[in-house]
Amino acid sequence: MKIFVTGATGKVGSRFVSYLLKKGHEVRILVRNLEGASTLKEQGAEVVLGDLLDNENLIEAVRGVDAVVHIAAQFRGDISEEMAKAINIDATITLAKAALDAGVTRFVFTSTGNVYNNSLVNRPCMEDDVLTATALYPKTKMGAEKALLELYHEQGLDIRIMRLGFVYGDNDPHIQEILPFLSNWNPSKAMSVVHHQDVSQALLLAVSTPGIGGRIYNVADDNPITVGEFYKLQGEPEQVPPNGGWPSFNQWDMILDTARIKSELNFNAKYPSLYIARDMGAL
């Protein structure tokens, strides 16, 4: 297949592009900086210079591919709500419409398991649950999901939405980077995680599986991990409870049910737990 990928120089995107090329697929990537894409170009990726926020040539950039995988997003950093919406919602819609205009209907969108923040269910979160997240990043992902599903119903966009758990592995410093953010979380709070290799596996399954337009899939391994375990695995001291003690939490918040992706896409995690990835030298 020939696959168009955005966010190709990011943590998820760069590993996914390499994964695709190793599998023998043709890959075209959209980047804002040619220098940052030099390694992927050396590996065989076709590089197109452009910006999702200001690119009049998106239709031509997408034309001729079999599918689009949209990974680019604004996650962290000092950013206004207006800019977050422009990057995570408006640019997504623009790309999807460009794909439709170019005759490319298969569109895979990487969303986040954070859309389940503040979930009130008493079980792992499932794809058809009502979403109640209030933080800016998951709210923009929810907005993009809604717009893409409207394009599916109204214009035939063959959308496949992938909600990723916390992504780690392949020398990604993501775990170390998130520890300061988790410092005041209850160490017993668990979350679903997924290794980069399994993200790539899931995205390729979403690209290549026929007949799943309009479907949403949670992507995670089989064993959620607690905040306290994150600290222990990184050799960090145990967290110190804030004044008043640790906050209470819903044990199912951010725990993803993966029955659908297993049954419909035959997804089987290469690294069923973070501990297995550690023992296999894949962190």
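These legends go with a set of close-up views of a predicted model of one protein chain.

**View 1. The whole chain, before we zoom in.**
Start with the parts list: the protein chain has 10 helices and 11 strands. Its C-alpha atoms fill a box of roughly 55 × 40 × 40 Å along the principal axes. How does the radius of gyration fit with a compact globule? For 283 residues, such a globule would come out near 19 Å, and the protein chain has 19 Å, so the two agree. Of these 283 residues, 51% count as buried. Now take the contacts between residues with a separation of 6 or more: 78% of them join residues 24 or more positions apart.

**View 2. The surface and the charges.**
The accessible surface of the protein chain adds up to about 13,200 Å². Carbon and sulfur atoms own 48% of that surface. As for charges, there are 26 positive and 34 negative ones, and their mean positions sit 3 Å apart.

**View 3. Helix H1 and what surrounds it.**
Helix H1 runs over residues 11-22. At 1.5 Å a residue, its 12 residues should span 16 Å, and the end C-alpha atoms are 17 Å apart, which agrees. Is H1 enclosed or open? Look at the burial: 9 of its 12 residues are buried, so the rest of the structure largely encloses this helix. The buried ones are Val 12, Gly 13, Arg 15, Phe 16, Val 17, Ser 18, Tyr 19, Leu 20 and Leu 21. Which elements do they pack against? Among the strands there are E1 (2-6), E2 (26-31), E4 (67-70) and E7 (166-168). Helices H2 (38-43) and H7 (196-208) pack there too. Just after H1 comes Gly 24, with a positive phi of about 90 degrees.

**View 4. Ala 98, tucked into helix H4.**
Find helix H4, residues 81-101, and look for Ala 98 in it. Is Ala 98 buried or exposed? With a relative accessible area of 5%, Ala 98 is buried, because anything under 20% counts that way. If you skip residues up to four places away in sequence, Ala 98 touches Leu 58 and Ile 59. Now pick out Gln 74, which is 24 residues away from Ala 98 along the chain: the two C-alpha atoms are separated by 20 Å.

**View 5. Helix H5 and its cover.**
Helix H5 takes up residues 136-155. Its 20 residues should span 28 Å at 1.5 Å a residue, and its end C-alpha atoms are indeed 28 Å apart. The buried residues here are Tyr 137, Pro 138, Thr 140, Lys 141, Ala 144, Glu 145, Ala 147, Leu 148 and Leu 151. Here's a handy bit of background for reading that list: an α-helix has 3.6 residues a turn, so residues three or four places apart point the same way. What covers the buried residues of H5? The cover includes H4 along with strands E5 (106-112), E6 (158-164) and E10 (215-219). After H5 comes Gly 156, whose phi is positive, near 80 degrees.

**View 6. Ser 111 in strand E5.**
Ser 111 lies in strand E5. At 4% relative accessibility, Ser 111 counts as buried. Which residues is Ser 111 in contact with, leaving aside neighbours within four places in sequence? They are Lys 141, Glu 145, Ile 161, Met 162, Arg 163 and Leu 164. You've met two of these before: Lys 141 and Glu 145 are among the buried residues of H5.

**View 7. Two loop residues with positive phi.**
Asn 118 lies in the loop between E5 and H5. Its phi is near 70 degrees, a positive value in a residue other than glycine. Asn 118 is partly exposed, with a relative accessible area of 41%. Met 254 belongs to the loop between helix H8 (227-233) and helix H9 (259-265). Phi of Met 254 is positive as well, near 75 degrees, and this residue isn't a glycine either. Met 254 counts as buried, at 12% relative accessibility.

**View 8. Glu 56, out in a loop.**
Where is Glu 56? You'll find Glu 56 in the loop between strand E3 (46-49) and helix H3 (58-62). At 80% relative accessibility, Glu 56 counts as exposed. Compare its position with that of Thr 112, 56 residues away along the chain: their C-alpha atoms are separated by 28 Å.

Notes: Residues numbered from 1 in each chain as written. Predicted model: local features only at pLDDT ≥ 70, side-chain atom pairs only at ≥ 80, totals over all residues. Heavy atoms only, no water. Helix = DSSP H or I, 4+ residues; strand = E, 2+ residues; numbered from the N terminus. Rg over C-alpha atoms; globule rule 2.2 N^0.38 Å. Buried < 20%, exposed > 50% of the residue type's maximum accessible area, 1.4 Å probe, protein only. Contact = heavy atoms within 4.5 Å. Areas by Shrake-Rupley, 256 points an atom, 1.4 Å probe, with all protein chains shown as cover. Lys, Arg positive; Asp, Glu negative; His and termini not counted. Charge placed at Lys NZ, Arg CZ, Asp CG, Glu CD. Expected span 1.5 Å × (residues − 1).
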